[in-house]
Structures are given as C-alpha cells and as structure tokens.
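Hi,

Here is the structure I promised to pass on. Have a look at it first, and then read my notes below.

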Amino acid sequence: MQYTYSEFCGTTILEIKDETYNYLIKARRHKIDDEIYFRNLKDNNIYLYKINNIDKKKAILNLISSEEKIVVNEKKLHLGWCVVDPKTIEKYITSLNEIGVDKITFIYADYSQKNFKINIEKLEKILINSSTQCGRSNIIKLEVCKNLEQFIKENEDVYFLNFSTICIDDKKDEIKTLVIGCEGGFSKNEREKFNKDFIVGFNSNLILRSETAIISASSKILL
C-alpha cells in the first residue's frame, strides 16, 4: 500500500478509528511513533503523520509534513462504457484505475439491461482502495448517462470501438473520448449515429467481451 486514505487528513491532529484503525493497528501492527502516509483524495497533497497515542478503539496521529505530489497520467481518457452486469464493472474497474483512465460515463445503451443499477458510492470505495495500492493521487470520475444519443451530444469528437478497418493503434494519440459497447455490441439505430471517421477497431476478427475490449483499448491509448 502506497498510502492510507482518510477523508479527514490534512489537519494537525488526525484521529483514526473503525476500518482504518483495524487495518493499521490490528492488521499492520503499527505502534506509537510509527510514521504513515495519508491522502484525502480531495487535494493533491500527501500527508505524513506520526502515531502519538493508541487505545482500544482509536489512535491519534500528529502531522509531520505535507507535500503536493500529483501521480496521474498526463493524457486524459474519457470512456463511455455501455452498461453491463455491475459485478463485471466492480471486478474490472480497478484495472482501469491503475491504467490511468480519467473518467468513465456509464451509458444505458439499447442492448444494456435496464434493470442493472450502477452504484456509484460502491464503485468509488473500490477505486479508493485501488488508488492506495497503485499510488494514484485521485480516482476515476464516474457519471451515468441515460442513452448513447445524449452522450454524443454532451461530448466532442467521440470515437467508437467496433469492427473497423481503422486500427485503434493508428488513432491512439487523437482519442480522448471512446465508447465501448455492452454484450451484443451496438444496435443498428446506434450505429447510424456514429461518425464513420471516428470508428476504430482491433487488428483481430475475434469478438471480445466488453471488459476485455475496454481494458485492451485503454491500455493501447494510455500505456
């Protein structure tokens, strides 16, 4: 773990309890005078604290230093991920966070199951844990969009990942916003809304699962 998350860090005195206390004191066995790095993921600072006191349910730490330390990808990638099973999203979103994706908008496409509900709060907790592990100084920004047409209206130069003679490798420096379909791909109605000059694909004839496609595409663009 590169740092510990606490929404309250940045103050001169920091109290930790509950899950953070159990992890640092009981699991990691930190003791008085140990120094621990924290982020609040609201600003770009990393904070160094020293443990001053420990009791049965909480610990008190004193701030030693703070430093602005931005750890993110220089290139910004906004993904439009047509909604799939939330369990799939929860499993693979950590990889997208580690790759450095800046933002994900979950789109209810024609082939998305409308009963799937996106739990933003749960996903943000997963992303916080991911960032503490990989050292990222923020998390992916998350939004939900009711359909693809609205997404296209709200964003400029939207690229679409689909079967195409234009390889994503040839456009990776230009792509800032990319839409990935759900299981079953895009409907005929949706494909008619595409700008044909903004459709990219892989050098493969195989049909990829949504999660394989989104991780592969993000890796090609960002890494």
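Let me start with the aromatics: F160, F186 and F194 form one aromatic cluster. Before you go further, keep in mind that this is a predicted model.

A search through the whole structure turns up five aromatic pairs. In the one made by W81 and F106, the ring centres are 6.2 Å apart and the planes meet at 35°, so this pair is tilted. W81 belongs to strand β6 (residues 78-82) and F106 to strand β7 (residues 103-107), so the pair ties together parts that are 25 residues apart in sequence. Both W81 and F106 are buried.

Now back to the cluster. F160 and F194 make a stacked pair, with 3.9 Å from centre to centre and 15° between the planes. This pair, too, links distant parts of the chain: F160 is in strand β9 (residues 158-161), while F194 is in the loop between α6 (188-191) and β11 (199-200), 34 residues apart. Are these two buried or exposed? F160 has a relative accessibility of 2%, and since the cut-off for buried is under 20%, F160 counts as buried. F194 is buried as well, with a relative accessible area of 6%.

There is also a charge over a ring to look at: the charged end of R39 sits over the ring of Y3, 5.4 Å from the centre of that ring.

On to the packing. The largest nonpolar core has 54 residues, and I93, I104, F106 and L178 are the ones that touch the most other members. Helix α7 (residues 210-222) gives the most to this core, with six residues. Another core lies apart from it, with 13 residues, including I16, I36, Y47 and I51.

F106 turns up both in the tilted pair and among those core residues. What is F106 in contact with, leaving aside its neighbours within four places in sequence? The list is W81, V83, I89, I93, I118, L123, L142, E143, V144 and C145.

One residue of helix α7 that you may want to click on is E211. With 6% relative accessibility, E211 counts as buried. Leaving aside neighbours within four places in sequence, E211 is in contact with W81, T88, Y92 and E183. W81 is thus a contact of E211 and also of F106. The C-alpha atoms of E211 and G80 are separated by 12 Å, although these residues are 131 apart along the chain.

If you are after a site to look into, the largest pocket holds about 690 Å³ of space. Its lining has 18 residues, and Y5, S6, K17, E19 and T20 are the closest to the pocket centre. At least two lining residues come from each of β1 (4-5), β2 (13-17), α1 (18-27) and α3 (120-134).

Finally, some overall numbers for your notes:

- The secondary structure comes to seven helices and eleven strands.
- The C-alpha atoms fill a box of roughly 65 × 35 × 30 Å along the principal axes.
- Of the 223 residues in the chain, 45% are buried.
- Among contacts between residues at least 6 apart in sequence, 71% join residues at least 24 apart.

Cheers

Definitions and conventions
Residues numbered from 1 in each chain as written. Predicted model: local features only at pLDDT ≥ 70, side-chain atom pairs only at ≥ 80, totals over all residues. Heavy atoms only, no water. Core = buried A, V, L, I, M, F, W, Y, C linked by side-chain atoms within 4.5 Å. Buried < 20%, exposed > 50% of the residue type's maximum accessible area, 1.4 Å probe, protein only. Helix = DSSP H or I, 4+ residues; strand = E, 2+ residues; numbered from the N terminus. Contact = heavy atoms within 4.5 Å. Phe/Tyr/Trp six-rings, centres within 6.5 Å; stacked < 30°, edge-to-face > 60°. Lys NZ or Arg CZ within 6 Å of the ring centre and 35° of its normal. 1 Å grid on protein atoms, 1.4 Å probe; cavity = no way out; pocket = protein on both sides within 12 Å on 5 of 7 lines; lining within 4 Å. Points joined across faces, edges and corners; volume = space filled by probe spheres on them.
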